[in-house]
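Me: I would like to learn how to read the features of a structural model in an orderly way. May we go through one together, beginning with the chain and ending with individual residues?

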Amino acid sequence: MPDPLTVTAAITLAGKAVGQVSKLVQSGRELEDCMGHISRWFECCSDINKARERAENPPFFKKLANAKSIQAEAMDAVIAQKRMRDQRAQLRELIMWQWGKDEWDNLQRLEKEIREKRAKAIHDRIVLKQKIFDAIAIIFFVLFLLGLVVGFIWLIQQGGSSE
């Protein structure tokens with residue numbers, strides 16, 4: 001399962017963000033006033049999802065050293081996902097009640113765009129790393145071949161001068 005402190009902190013922050021949005025909505029604030037808290041909530045969701053992804057594919061050492069049972073990890077993941085679903089439903093109700101379905105749809109669209117941009121950035125970073133690795137490998141290969149050629153020429157010169 002994800003790092004318990006990370007997940008617990010993310011769930012706590014998400015709950016506080018939803019609570020702040022609720023207070024702002026009840027006091028009649030506009031959507032713009034709530035966006036900071038809504039953004040924080042989305043970040044918490046992302047943190048929980050990323051922590052779950054890391055937990056599903058842990059490093060080898062963590063697999064050996066982690067004494068926590070599989071059932072406990074699965075339960076933690078289910079609880080975290082359930083809380084986030086409940087909070088998302090609460091946010092949806094608040095936003096639709098105060099500003100209407102169009103604002104919720106707009107928020108969903110923006111969330112999707114941001115998620116796609118982040119995925120593209122991650123993909124671009126992976127591609128860049130691969131290109132850098134390929135370039136370094138090519139440079140080493142060329143230097144190796146150049147060294148062989150120079151070494152071969154040197155050996156030929158050494159062999160020819162001793163006669």
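Me: What percentage of the contacts in the chain with a separation of 6 or more is accounted for by residues 24 or more positions apart?

Reply: This is a predicted model. In it, residues 24 or more positions apart make up 72% of the contacts in the chain with a separation of 6 or more.

Me: How many helices and strands does the secondary structure of the chain contain?

Reply: The chain has 5 helices and 0 strands. Followed along the sequence, the pattern reads α-α-α-α-α.

Me: What share of the 163 residues is buried, and what does the chain expose?

Reply: A residue counts as buried when its relative accessible area is under 20%. Of the 163 residues in the chain, 22% are buried. The chain exposes about 12000 Å², and 63% of that area is supplied by carbon and sulfur atoms.

Me: How much space lies in the largest pocket, and which residues are closest to its centre?

Reply: Rolling a probe the size of a water molecule over the atoms shows where empty space is left. Here the largest pocket holds about 680 Å³ of space. Its lining comprises 23 residues, of which Phe42, Ser46, Glu111, Arg115 and Arg118 are the closest to the centre.

Me: Which helix supplies the largest share of that lining, and how do the lining residues divide by character?

Reply: Helix α2 supplies the largest share, 11 residues. At least two lining residues come from each of α2 (31-56), α4 (70-99) and α5 (101-161). By character, the lining of the largest pocket divides into 11 nonpolar, 4 polar and 8 charged residues.

Me: How many disulfides are there in the chain?

Reply: A disulfide requires two cysteine sulfur atoms within 2.5 Å. By this rule the count is 0. Cys44 is in no disulfide, its nearest cysteine sulfur being that of Cys45, 7.2 Å away. Cys45 likewise is in no disulfide, with the sulfur of Cys44 at 7.2 Å as the nearest.

Me: Are Cys44 and Cys45 buried or exposed?

Reply: Cys44 is buried, at a relative accessible area of 3%. Cys45 is buried too, at 11%.

Me: Where is Gln87 found, and why does this residue count as buried?

Reply: Gln87 is found in helix α4. Its relative accessibility is 11%, so Gln87 counts as buried under the 20% limit. Leaving aside residues up to four places away in sequence, Gln87 touches Ile11, Ala14, Gly15, Val18 and Trp41.

Key:
Residues numbered from 1 in each chain as written. Predicted model: local features only at pLDDT ≥ 70, side-chain atom pairs only at ≥ 80, totals over all residues. Heavy atoms only, no water. 1 Å grid on protein atoms, 1.4 Å probe; cavity = no way out; pocket = protein on both sides within 12 Å on 5 of 7 lines; lining within 4 Å. Points joined across faces, edges and corners; volume = space filled by probe spheres on them. Helix = DSSP H or I, 4+ residues; strand = E, 2+ residues; numbered from the N terminus. Nonpolar A, V, L, I, M, F, W, Y, C, P; charged D, E, K, R; others polar. Buried < 20%, exposed > 50% of the residue type's maximum accessible area, 1.4 Å probe, protein only. Contact = heavy atoms within 4.5 Å. Areas by Shrake-Rupley, 256 points an atom, 1.4 Å probe, with all protein chains shown as cover.
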